[in-house]
Amino acid sequence: FTNNPTGSSVTLGFNVPQTGPYADEGLDELRAYELAVEHLNGKGDGGCLNTFSSKALDGTGILGKEVKFVTGDTQTKSDAARASAKSMIEKDGAIMITGGSSSGVAVAVQGLCQEAGVIFMAGLTHSNDTTGKDKKANGFRHFFDAYMSGAALAPVLEKVLGADRKAYHLTADYTWGWTQQESIQAATEAVGWETVNNVLTPLAQTDFSSYIAPVLNSGADVLVLNHYGGNMVNSLTNAVQFGLRDKMANGKQFEIVVPLYSELMAKGAGANIQGILGSTNWSWTLQDEGTKAFVKSFGTKYGFPPSNAAQTCYAQALLYADAVQRAGSFNPCAVVEALEGDSSSLPGIDSPSNSGFVFDGLGNGPTLYRSADHQCFKDVLVMRGKENPTNEYDLLEVVEITPTAQVWYEPDHPMFAGGQLGECNPGA
Amino acid sequence: MDAIILQILNGLDKGSAYALIALGLTLIFGTLGVVNFAHGALFMIGAFCAVTLNKILTISYITIDETRTDFLGNPLKVENTYIERWFGPEIGSAIIDWSVPLAILFSIPIMVAIGFIMERGLIKHFYRRDHADQILVTFGLAIVLQEIIKYFYGANPIPTPAPEVFRGSFDFGMLLGFDPNVIIYPYWRLVYFSFSALIIGAVFAFLQFTTFGMVVRAGMADRETVGLLGINIDRRFTIMFGIAAAVAGMAGVMYAPINSPNYHMGMDFLVLSFVVVVVGGMGSLPGAVLAGFLLGILESFASMNEVKTLLPGIDQIIIYLVAIIILLTRPRGLMGRKGVMEE
Amino acid sequence: MGILEVKGVNKRFGGLQALGDVNLSVAENTVHAIIGPNGAGKSTLLNCLVGKLIPDTGSVMFDGQSVLGRAPYEINQMGISRVFQTPEIFGDLSVMENMMIPCFAKRDGSFELNAIAAIASQRDVVEKAEQMLVDMNMIDKREMHAASMSRGDKRRLEIGMCLSQEPRLLLLDEPTAGMARADTNNTIDLLKQIKDERDITIAIIEHDMHVVFSLADRITVLAQGTPLVEDAPENIRGNPKVREAYLGESA
Amino acid sequence: MNVKPDFSKNANLAQTAPAFLSVWDMHAYYGESYIVQGISFNVHEGEILALLGRNGAGKTSTLRSIARLGDPQLRHGEIWLDHQPLHKMASHQAAAVGLGLVPEDRRIIAGLTVEENIKLAQIAPPVGWSIDRIYELFPRLGERRGQEGVTLSGGEQQMLAIARALARDIKVLLLDEPYEGLAPVIVDEIEKTLMHIKEQGMTTVIVEQNAVRALELADRAVILDTGGIVFDGSAAEVLENEELRSEYLAI
Amino acid sequence: MLGLNKRDTTLLIAVAILTLFAPFILNPFPEGSAMAQFNAGYPDLMQRFVIFGIFAVGFNILFGLTGYLSFGHAAFLGVGSYSAVWMFKLLSMNVLPAIILAVIVSGMFAVVIGYISLRRSGIYFSILTLAFAQMSFALAYSVLTPITNGETGLQVYNDDPQYLMGPDSPTATNLFGLEMRSTYTLDIGHWSFDFNAGYYMCALIMLIAVYLSIRIFRSPFGLMLKAVKSNQQRMNYTGLNTRPYTLAAFVISGMYAGLAGGLMASMDPLAGAERMQWTASGEVVLMTILGGAGTLIGPILGAGFIKYFENIFSKINDTVLHQWFAFLPDGLEDFMVFIVHPFIGKGWHLTLGLLFMMVVIFLPGGLVEGGQRISAWIRRRNTDDAEKANGKTKPAE
Ligand SMILES: Nc1ncnc2c1ncn2[C@@H]1O[C@H](COP(=O)(O)OP(=O)(O)OP(=O)(O)O)[C@@H](O)[C@H]1O
Ligand SMILES: Nc1ncnc2c1ncn2[C@@H]1O[C@H](COP(=O)(O)OP(=O)(O)OP(=O)(O)O)[C@@H](O)[C@H]1O
Ligand SMILES: [Mg+2]
Ligand SMILES: [Mg+2]
């Protein structure tokens, strides 16, 4: 199989954005990876190795080989990301590629890894397609997806804002935006909301004033911003500037919702996020053992708490290493088998597809790597912008930890239909 | 009707941003004939002047609060700004609150100095070189400036709010007799619009009522001959560059509250500002301003739902589409002068 | 009926009547000089002949066909070549390349996609261009960058380029201005020789009376956009009106 | 025929006569090509010097070197104007101490009207003739004042170029082929003007292909050939010296 | 040879030898050594070198010869890529039809855009081409997603029709069965060299492309294009219609771009919309100028230079730095890492930006000029040495 490590070390490829608007997020991912490598090689305090439910890893690297890594720059462009991943595979002999900060990149690199015969452990990617119509046997996603965001948010939105709401969506005009909008719309309509309008905004847009100005007069009383990164920071800032949050509509306080939050975006938007609801994959404020161990290692090494992108990357690196260790081989097909698990299942979910590899102790509580589509199922957090942050990292607070059962969907759910995992490809 | 007024207002505002950026660019590109790919970077540096001033004003000393803990369980370090200590909490926080307007004053000497250094140290040697060389060197410079900012401030946007009094919006529609909440308009955008008008007016006046503009135009057409007439054209070019940098910088400072500055914002505006300048017509200041407003307003209209349902995606391409139509119908843009950058 | 017939041509620039009702007939195989004070409209008239300007009214016929409304390259392909008042050459190219371009235009017409053929294999064109350089006494400057020649040399090159097209009508706008006396004389000889050897009609604008009187078969004097007189050279010299408006006492 | 004066390095120029403009052992290059090859001459106050030679002899290059234009590059030599070291100055400084050049291709500035072209010359001190006085000398320019300078006829442009030099208060006027393209009557006019300003004490260097006219006007003549001086003496001497005339001037 | 003069033949042969032996030349450092980071001899990057070489050579036909600066050339590259991937989706994974269609479609696209844009010259032309390309990009990213698959990029899926696909046709891109990714690795001692089928196909096509470009440069057509750049007015009054000349140049260079796009898709069957963005168009402009616009070989050098930095420098991280400077005492090691750190990894843009500036400032004619200066210097040194050896110098004059 491709890049079978023959020496005393094994090389992993960390492919993250290092230039462009997501560079800081990529940097945080890279920090998490370096931490994971440290832990795998038995340095540092061991982090989540101590809390991880699988005890296969022992701090002597992977299968006794020292873990080394190469880094690359995705530039958040699918072309550049593939070029970078290819060089890791062809030049550096990387056995696994991981990272990324957008769904387009994840899908593109996942496709490449499938062709090249290496494992791809997705970083931050939230589009339904990654494990939906574009899923691949060699690819795995720990991060949650747009459907889960919707499913987690809708009940909270109903509880906090009421069931009689009219939503106006602004949606980034590309695949991720569309799937997220579709998911949120479906979930909120299911709790009784009405969708007044959905307006697609150009990706390159920096000033959203002309999209926001008509919102207040449209009959809507909630604005849903299906934006990420710089788009989200700008559209939210603009919306607050237009005073939307001080206004009343239909006799109710006007509200803004940002379905997908990230800590860095929250930082970029500053005071504008206060009181705004959204969802995240994970938060450093969680109090389970896995989270505490990870936050402690990360915080001690870098001096500030990790982002949820960092956490997903850290977990992915450990999960991969653990799978190899359990499989006893670097062969991608053996790894796939190990990550698909022994058909164990999460309690409380009655479904034939509730089957795969179940683990705990990496944050979020018990988690299932579902064998049917290589998507992780775990609790999803609904967050709110904190009113009085004590420091620049403490910007979001947990409103609700949505249990896995509530965000569960079947692999053939229409929003995920269309793709096939295919066969695992071990490469040459 | 209300929707149209709303979009005209939005367009004016967007347009004033475009016009202001294009104005600075046209001084260098349209007048001095230097293809300045670093103009976006100057705009970005302006915005970061606002960020920097805010950072300076909030320089803090640290006290330890034993009663609270940070995320690792250690005693919490609380930051207190010197400004508040020196001027008292009230005045201190007011100064910090007003950091963006204050940054205008702060930015002018910095931007002028950057403009001078850039011109004397680099651009000076490129007046007589190909446009291609100018592109390469200024693009390189833009990257370098951008990376320097990234090195110090990171890639993430940095929130830079306007003073408290300018936050929120005011109901323009009620003024015109519409229902409440129909036409609302943020205060800061009004400030931005007025500020742009002021700067544009000032630059026009300077170039119109002095011979400076004529001399620079002449120098651009034929440096050698202008030198023969005893005029030190180099110095005037340097001054022109300083003005252009200051205009770009002020545009950036004022823009910071509208969208949180990030190191990339210059590149986002770069292409657009070239389009605006060229659509306005090379060498024409009024043209650049006019084109800025025109494109701003058209862009706003294109983002209206009614238009978008008719022509999906039109808001993505409107600027370029309009640019093509204008350049095909008017050979030198809206008000371009003959012979400027036509070969 | 001359080869070139200009009838009732008017041209205004804003408030200025640059050409007012100009009629001109140039007989085939003659040298026709156009003289007149500065700003009389001589160059403007030439511009109307080659498609650079379109007259407001009037007609311009070349060999029985109207040139009005045709693009400059079409007019050139009809057989009209022009030398400009300030040299128009390909400054970035070598002298030899400058000379080859009109030869190609002559051979291939206004457009030909000979993208793969090597220049070296275009023997006929190369030889013709070389011959022309020899004729113009410039063969030693063959590889020189045209822009870095002195101005007199540029002008000689431009004349050569036009001649190499074997035009039926050659329009010369002050061809010897700035040329050294010796080269002026050479040019006069060359033009004379060409006129004798070939079927060519020449219209020449010149302020150097030596050139005008050595070459011209007929002279038109233009003043303030209208022809003052048209006559044989001998009569022009003595014409008091011309003396006053143009020649001055030193003629 | 050896009329070459002895300008060996030790010769003290000031000894020959009190010079107003003196050029001493000037060497100038276009890139690597060596064009002005050690030229030295003096011009006395109020004198008109004719600088003659065939095309490409280096006349323009000499004037450009004196005016301190970037090309050609002065690598060696000294230029003094009224005790001011021009060789240490940039062109705008040279202009400020009283040097005026009318360039050979006139260099009317595109995009500026006739009047703006003149005004431009009056921005930097010292200011010379007033605009009204200039229009008096060249009424034609007054008529055309609002027109874009580059659309003037060739002769009109020449007038504008001279006018621009006079609009500054200059001590030495360098004229590069001022008669080129001008109607004989206008040449007479300009000749008169030059005499007029000479009477007012202007020092002038004139480069001209029309050698006879230039010599009639000038007090002294310098003849250049391939970048060096082959003759330096009185104008009358050239007119008398048959050999010199035919060898270098073809007259 | 082949209708080229001696100098051009030498040049072509030199390029041929360099491309042929690129796997050796680009991998000078032994595997596993600290310097191995600088090796560029792996298939993907080698393919990129030659593909972008083709792109830049084509761009140079337009810009270098006519002086028309197109700021939207990436659109043709993108269109070429999309056409090629569609061929894979519809027919089979054979690259030949894909490349042919890529060239044809981009050529047609170029005819339309060129016909309109060439009505203007100078900066107005540049902005027109930029506007067209940006429109193509924006539409490909969003509205045209059914054709382009938007942000993710167009890929081949298992359920695509692939009408010509037999039961045992290869599922990777191939040329009549020869898979583009098949690589033969030659290990010599600590060194390892990759010989990749796709690379050699691209290299062959690049040689042909360079050969054609030389022929165009040396042809009457090329002369006309240079004349267009020099003086359009004189062209017109010499009886030449400039429009068809410029349009032909535009279309040819558009087809080169389409060819490059088709090859890119053939090496890696994914076509992303960013390929059409202005930054991509700007990149080819930079490549051409950096290498030396209007020179035959410059654009290829420029392309290699930029791609090298993008792919090699971005991958150097602090861990690698520590490895390099490990021989230094600890404090000094950290200091060196601190100094070099801003220029590598996430700072690779900074290095590139500085190099752009340095090249234009010190080598006005681009990298080619740098090469000429070096060879002139060597020649001078050699002659100096020879003279010294002969014990005589030229008499001073
Ligand atoms: N484009 C233009 N716009 C305005 N006026 C013009 C334009 N072109 C020429 N003129 C004017 O028209 C008149 C005739 O110009 P033209 O160039 O034909 O003169 P000419 O007879 O060639 O003179 P010369 O012998 O000095 O070259 C001049 O007064 C000139 O200023
Ligand atoms: N820009 C340049 N680069 C290189 N060589 C040049 C340049 N300009 C002029 N030369 C060369 O310098 C020499 C002198 O040119 P110059 O223009 O001084 O001659 P001139 O005496 O003024 O001739 P003319 O009477 O034709 O104007 C010529 O051989 C010319 O080819
Ligand atoms: Mg004329
Ligand atoms: Mg001269």
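**Exercise 1. The magnesium site in chain D**

Are D:T60 and D:E104 buried or exposed? Work this out, and then describe the part that the two residues play at the magnesium ion (ligand 4).

*Solution.* We begin with the conventions: this is a predicted model, in which local features need pLDDT of at least 70 and side-chain atom pairs count only at pLDDT 80 or more, while totals for chains, interfaces and linings use all residues. Residues are numbered from 1 along each chain as its sequence is written, chains are lettered from A and ligands numbered from 1 in the order in which they are written, and side-chain values use heavy atoms, with hydrogens and water left out.

Step 1. A residue is called buried when its relative accessible area is under 20%, exposed when it is over 50%, and partly exposed in between, with a 1.4 Å probe and protein chains only. By this rule, both D:T60 and D:E104 are buried.

Step 2. The protein donors of the magnesium ion (ligand 4) are OG1 of D:T60 and OE of D:E104, at 1.8 to 2.5 Å from the ion. Donors are N, O and S atoms within 2.8 Å of the metal (3.2 Å for Na, K and Ca), and because water is not among the atoms, sites may look incomplete.

Step 3. D:T60 lies in helix α2 (residues 59–66) of chain D, whereas D:E104 lies in the loop between β6 and α4 of chain D, so the pair ties together parts that are 44 residues apart in sequence. Helices (H or I, at least four residues) and strands (E, at least two) are DSSP runs, numbered from the N terminus.

**Exercise 2. Where chain D touches chain B**

Describe the interface of chain D and chain B, beginning with the residues in contact and the area that is buried.

*Solution.* Step 1. Contact means heavy atoms within 4.5 Å, and on this basis 22 residues of chain D are in contact with 17 residues of chain B.

Step 2. The size of an interface is often given as the accessible area lost when the parts come together. Here the two chains bury about 1,800 Å² between them, with 66% of it on carbon and sulfur atoms; buried area is the accessible area (1.4 Å probe) that two parts lose on being put together, summed over both. In chain D, the residues that lose the most area to chain B are D:H92, D:L120 and D:I123, which together make up 30% of what that side buries.

Step 3. Three salt bridges are found across this interface, a salt bridge being a side-chain nitrogen of Lys or Arg within 4 Å of a carboxyl oxygen of Asp or Glu. The side chains of D:R107 and B:E224 meet in a salt bridge, with 3.2 Å from N to O.

Step 4. On the side of chain D that touches chain B, α3 (91–96), β6 (99–102) and α4 (114–121) of chain D each supply at least two residues, and α4(D) gives the most, with four residues.

**Exercise 3. Salt bridges within and between chains**

Which residue forms a salt bridge with E:R234, and which forms one with D:R220?

*Solution.* Step 1. Side chains of opposite charge can pair when their charged atoms come close. Over all chains, a search of the whole structure finds 69 salt bridges.

Step 2. E:R234 forms a salt bridge with C:E158, and the closest N and O atoms are 2.6 Å apart. E:R234 lies in helix α10 (residues 232–237) of chain E and C:E158 in helix α5 (residues 151–163) of chain C, so the pair joins two chains. E:R234 is buried, with a relative accessible area of 2%, and C:E158 is buried as well, with 0%.

Step 3. D:R220 forms a salt bridge with D:D232, the closest N and O atoms being 3.0 Å apart. This pair links distant parts of the chain, with D:R220 in strand β9 (residues 220–225) of chain D and D:D232 in strand β10 (residues 228–234) of chain D, twelve residues apart. D:R220 is buried at a relative accessible area of 14%, and D:D232 counts as buried at 18%.

**Exercise 4. Where chain A touches chain B**

How many residues does the contact take from chain A and from chain B?

*Solution.* Step 1. The contact takes 48 residues from chain A and 39 residues from chain B, and the area buried between chain A and chain B is about 3,400 Å², of which carbon and sulfur atoms give 49%.

Step 2. One salt bridge is counted between chain A and chain B: A:D207 forms a salt bridge with B:R189, and their closest N and O atoms are 3.0 Å apart.
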